[in-house]
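Subject: Structure for your review

Dear colleague,

I am passing on the structure we spoke about, and my notes on it follow below. Please read them with the coordinates open beside you.

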Amino acid sequence: MEVGTEATLECLFCDGDGWRTETVPVDGIRAAVDGGGGVMWVHLSDPPASSVASIGAQLRLPDLAVEDAVHAHQRPKLEQYGDLTFVVLKPVTYGRDGDGPRSSEIAVFLGDRFLVTVQHGDTPVLAEARRRLIGSRETATATSAEVLHRLADVIVDGYEAALEVLNDDIDAVEEKVFGRDDGDHAERVYELKQHMAELRRAVAPLTVPLHRLASGAVPGVDGELTPYFRDVHDHALRAAEGVEAADRLLSDVLQADLSRVSVRQNELALRQNEVAARQNEDMRKISAWAAIGLVPTAIAGIYGMNFDNMPELHWRYGYFIVLAVIVSACLVLYTLFRRNGWL
């Protein structure tokens, strides 16, 4: 069901006897729709612009909608062009491989007897929706709106599954932050918040289109389908609320982690200050003892010069006087340093 430069593509038909696959020329899409007795589903996966333009011209799809489908990077939305409905959906898959959420985009053209989907990016949503349609007896006579319901249902189920994996990741980092792990987990929390933002960009805008579909405000959507769209809308609202709650929890975890890191940094700074204070105290003691030891060293150095003309060398009590001076000077210095707290 992919279109590149091929002249044909595989389409799904539903005409009351269930779903079947047929090969249709690209330039014969209009004839296939007119000649069929039910609904034709045309799916294009990462197609060139010329393929979308060709099908758009045959089915008279709005130029603006075709441009949005070709260029992608749209928000989930629903736009009405007369009897044709244009819907943009953003599937999200979030595995447990640590790569984070992977989003893709599906543009849906919903006509009376046809459905055209343009997929950008890899996603299992289309395959799962086809499996559910083909395997259900209730969809043997499905309309294009029922196909849209199946797509929306699978996509919203994917949101809830992605949110479940994200919550597991949040629980893991929360356990580390409030446990015995003293590491800094801010980077991991920021990464999870980025993943949450990616999921929010897909979930939050979709609630408005689903509300319109659930309220019966979209032409071409049978009233019997509104309860089903209402159920999908409720699930989308629950997923959106879960995303907001998880994001608030991540903000609290981040604040707690930053607080713990700040406390640990303050404790480390306090210990460093204590070490510095002890080092300063040790340096004062060493300096004081060095100053005291300098007195006898200086005096001994003077009398060690051995000059002949040093009269005090011949004094009878010179030796004892010098010793007394040394001891007195050392005692004075010791008293002063002791009084000032250096010793």
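**Salt bridges around helix H6**

Arginine 188 is partly exposed, its relative accessible area being 30%. Please keep in mind throughout that this is a predicted model. Arginine 188 takes part in a salt bridge with glutamate 191, in which the closest N and O atoms are 2.9 Å apart. Both of these residues belong to helix H6, where they are three residues apart, or about one turn of the helix. Glutamate 191 also counts as partly exposed, because its relative accessibility is 29%.

Arginine 188 has a further salt bridge, to aspartate 169, and here the closest N and O atoms are 3.8 Å apart. This pair links distant parts of the chain, since aspartate 169 sits in helix H5 whereas arginine 188 sits in helix H6 (residues 186-203), 19 residues apart.

Helix H6 is also tied to helix H8: the side chains of arginine 200 and aspartate 247 meet in a salt bridge with an N to O distance of 3.2 Å. This pair, too, links distant parts of the chain, with arginine 200 in helix H6 and aspartate 247 in helix H8 (residues 226-303), 47 residues apart. Aspartate 247 counts as buried because its relative accessibility is 15%, under the 20% limit for that class. Arginine 200, at 23% relative accessibility, counts as partly exposed.

The structure holds 16 salt bridges. Elsewhere, a network of salt bridges links Glu128, Arg131, Arg132, Asp153 and Asp157.

**The sheet**

Seven strands make up an open sheet of mixed pairing, and their order across it is S2-S1-S3-S9-S8-S5-S4. Strand S2 (19-25) and strand S4 (77-81) are the edge strands, each of which pairs on one side only. Direction ignored, neighbouring strands of this sheet are turned by 20 degrees against each other on average.

At the S2 edge, strand S1 (residues 8-14) pairs with S2 in the antiparallel sense over seven bridges, and cysteine 11 stands opposite glutamate 22 in S2.

Strand S8 deserves a closer look, with six of its six residues buried. Both of its faces are covered, with Glu105, Ala107 and Phe109 buried on one side and Ile106, Val108 and Leu110 buried on the other. S8 is joined to S9 by six bridges, the two strands running antiparallel, and together S8 and S9 form a hairpin with three residues between them. Within this pairing, isoleucine 106 stands opposite glutamine 119 in S9. S8 also pairs with S5 in the antiparallel sense, over five bridges, and alanine 107 in S8 is the bridge partner of valine 88.

Threonine 85 lies in strand S5 (residues 84-89). This threonine counts as buried because its relative accessibility is 0%. The side chains of threonine 85 and glutamine 80 are joined by a polar contact of 3.0 Å. Leaving aside residues up to four places away in sequence, threonine 85 touches several others, among them Val108, Phe109 and Leu110, as well as Val218 and Pro219.

**Helices on the sheet, and helix H7**

Helix H2 (residues 49-59) lies across strand S3 (39-45) and strand S9 (114-120), and runs at about 160 degrees to S9. Helix H4 (residues 125-134) lies across S1, S2, S3, S8 and S9, and runs at about 160 degrees to S3.

Which residues of H4 are buried? They are Val125, Leu126, Ala129, Arg130 and Leu133. Seen down the axis of H4, these buried residues fall within an arc of 130 degrees, so they line one face of the helix. The buried residues of H4 pack against S1, S2, S3, S8 and S9, and also against helix H5 (144-178).

In helix H7 (residues 207-214), the buried residues include Thr207, Pro209, Leu210, Leu213 and Ala214. Around the axis they cover an arc of only 160 degrees, which puts them on the same side of H7. Glycine 216, which follows H7, has a positive phi, near 75 degrees.

With best regards

How values were computed
Residues numbered from 1 in each chain as written. Predicted model: local features only at pLDDT ≥ 70, side-chain atom pairs only at ≥ 80, totals over all residues. Heavy atoms only, no water. Helix = DSSP H or I, 4+ residues; strand = E, 2+ residues; numbered from the N terminus. Buried < 20%, exposed > 50% of the residue type's maximum accessible area, 1.4 Å probe, protein only. Polar contact = N/O pair within 3.5 Å; in protein donor to acceptor, adjacent residues only side chain to side chain. Contact = heavy atoms within 4.5 Å. Pairing = 2+ DSSP bridges. Axes fitted to C-alpha atoms, helices over the stretch in contact; angles between N-to-C directions. Arc of directions from axis to C-beta. Salt bridge = Lys/Arg side-chain N within 4 Å of Asp/Glu carboxyl O.
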